Amino acid sequence: MSSSTTPTPSDPEPTYTAPSTTTVPAVLTSTPNISVREYIYYLPYPLPPKTPTPYTPGLPAQNPLNLPPHPFEPTSTLVLTSPSLTFVDLRYLNPLSVSQPEPPNPGDLGRLDWGFAGSSFSQAGTGPPHPTLGAFKRASWTHWVDSRVRVGHAPARDDGDMYALGGGRFLEVGFAFHPHLGCVAGHEELWRDVEVKSTETGGEKRCVVLRCGNEARGVRGVVVRVGQFCQGILMVGGEVTTERWEAEVAGGSGGEGKGKGTVEEKPQQAKWKRTARSGTGWLPCSVTWRNDAVVLGGMVTFLGFEWVVEEVWEWV
């Protein structure tokens, strides 16, 4: 299978249907976001009394629970969020040996730790501010598609307290059932914002959202592109397919999604490469950088599935 935008005989080709009416583009009121996770740290739940919260900023000097002294990241985790707060969150397990690709490409479903997509929401926290980190926000993420849950079944609740650490870094504090632990545990996750880069010769930046939903067939899917990254997830019943793509842009791809790009010396149209894939299906990620075909309100038909162009944004 090809990892570039040039189709091979085995690659499916989408078809496009223009919208029946012209939709006036909305004004960009919030900024699309690219975020990578730098670590996850597990804690007992509930915490013993008087345990400092958040816990990880005090490590390794302060460790009253005698837990591991340093957080670590077992996955390649990337989240893309649109201005309307639609997101795709994909988490691929890091390789355990030099013989494994980093991350999996193509098709190794066993390396997908978790993938989900939906909508996010946040508001000011109601508790007292932290003595050193200050006020926090209460954030929630609805999972419209979830690799751990069949379509039509309700996923587990997903929310947490978000502390701004400065420098585009945010610490998420929450708790959840963690399948690999076999129990409910507390967790702290460090997230870092990544600069959105242009992939266009004119320097403009783009964000595109595609959505596929057919409840009768048990199908749900979301594709989100923000700047130089694109991710998608498709669930058909209990079968999941995910893809991550990254563009080689001027100044290098940045490697946030583990892509191996090269530096372009002159401004030119970026080249896209698929850097990760799991499952046996296909996703219309490559549609999101075909600017002449992606029209707000239009339809993309891909291998029998209809994807609505839900969002198209452009800014500089």
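# Conversation on a predicted all-chain model

Visitor: What is the relative accessible area of G125?

Guide: G125 has a relative accessible area of 23% and is therefore partly exposed. Buried means under 20% relative accessible area, exposed means over 50%, and partly exposed lies in between, with a 1.4 Å probe and protein chains only.

Visitor: What kind of model is this?

Guide: This is a predicted model, in which local features need pLDDT of at least 70 and side-chain atom pairs count only at pLDDT 80 or more, while totals for chains, interfaces and linings use all residues. Residues are numbered from 1 along each chain as its sequence is written, and side-chain values use heavy atoms, with hydrogens and water left out.

Visitor: Back to G125, then: where does G125 lie, and between which strands?

Guide: G125 is in the loop that runs between strand 5 and strand 6 (136–146). Helices (H or I, at least four residues) and strands (E, at least two) are DSSP runs, numbered from the N terminus.

Visitor: Which residues does G125 touch?

Guide: Leaving aside residues up to four places away in sequence, G125 touches F136, K137 and R138; contact means heavy atoms within 4.5 Å. The C-alpha atoms of G125 and G160 are separated by 10.0 Å, with the two residues 35 apart along the chain.

Visitor: How many helices and strands does the chain have?

Guide: The chain has zero helices and 16 strands. Of its 316 residues, 48% are buried. Among contacts between residues at least 6 apart in sequence, 61% join residues at least 24 apart.

Visitor: Let us turn to the interior. How many residues are in the largest nonpolar core?

Guide: The largest nonpolar core has 25 residues, and those with the most contacts inside it are I34, L80, V88, V224, V226 and I233. Such a core is a set of buried Ala, Val, Leu, Ile, Met, Phe, Trp, Tyr and Cys residues joined through side-chain atoms within 4.5 Å.

Visitor: Which strands each supply at least two residues of this core?

Guide: Strand 2 (33–43), strand 3 (75–81), strand 4 (86–93), strand 5 (112–124), strand 10 (205–214), strand 11 (219–226), strand 12 (229–236) and strand 16 (305–315) each do so.

Visitor: And which domains contribute at least three residues each to this core?

Guide: At least three residues come from each of domain 1 (33–194) and domain 2 (197–248 + 270–315). The domain bounds come from an automatic or database domain assignment.

Visitor: Which residues are in contact with V224?

Guide: Not counting residues up to four places away in sequence, V224 touches L80, T86, F87, V88, V208, V209, F229, C230 and Q231. Apart from the largest core lies another core, of 23 residues, among them A247, V287, V294 and F302.

Visitor: You named F229. Is F229 buried or exposed?

Guide: F229 is buried, with a relative accessible area of 0%, and lies in strand 12. The C-alpha atoms of F229 and I34 are separated by 8.1 Å, although these residues are 195 apart along the chain.

Visitor: What volume does the second largest pocket have?

Guide: The second largest pocket has a volume of about 210 Å³. Of the 14 residues that line this pocket, the closest to its centre are Y45, L47, V173, G174 and F175. By class, the lining has six nonpolar, four polar and four charged residues. Ala, Val, Leu, Ile, Met, Phe, Trp, Tyr, Cys and Pro count as nonpolar, Asp, Glu, Lys and Arg as charged, and the others, Gly among them, as polar.

Visitor: What counts as a pocket?

Guide: On a 1 Å grid over the protein atoms alone, a pocket is an open set of points where a 1.4 Å probe fits, with protein on both sides within 12 Å along at least five of seven lines; lining residues have an atom within 4 Å of a point. Grid points are joined across faces, edges and corners, and the volume is the space filled by probe spheres set on the points.

Visitor: Which strands each supply at least two residues of that lining?

Guide: Strand 7 (159–166), strand 8 (169–178) and strand 9 (183–194) each do.

Visitor: Where are the cis peptide bonds at P46 and P54?

Guide: One joins Y45 and P46, with omega about -5 degrees, and another joins T53 and P54, also with omega about -5 degrees. P46 is in the loop between strand 2 and strand 3, as is P54.

Visitor: What is the phi of K50?

Guide: K50 has a positive phi of about 70 degrees although this residue is not a glycine. K50 is in the loop between strand 2 and strand 3 and counts as exposed at 85% relative accessibility.
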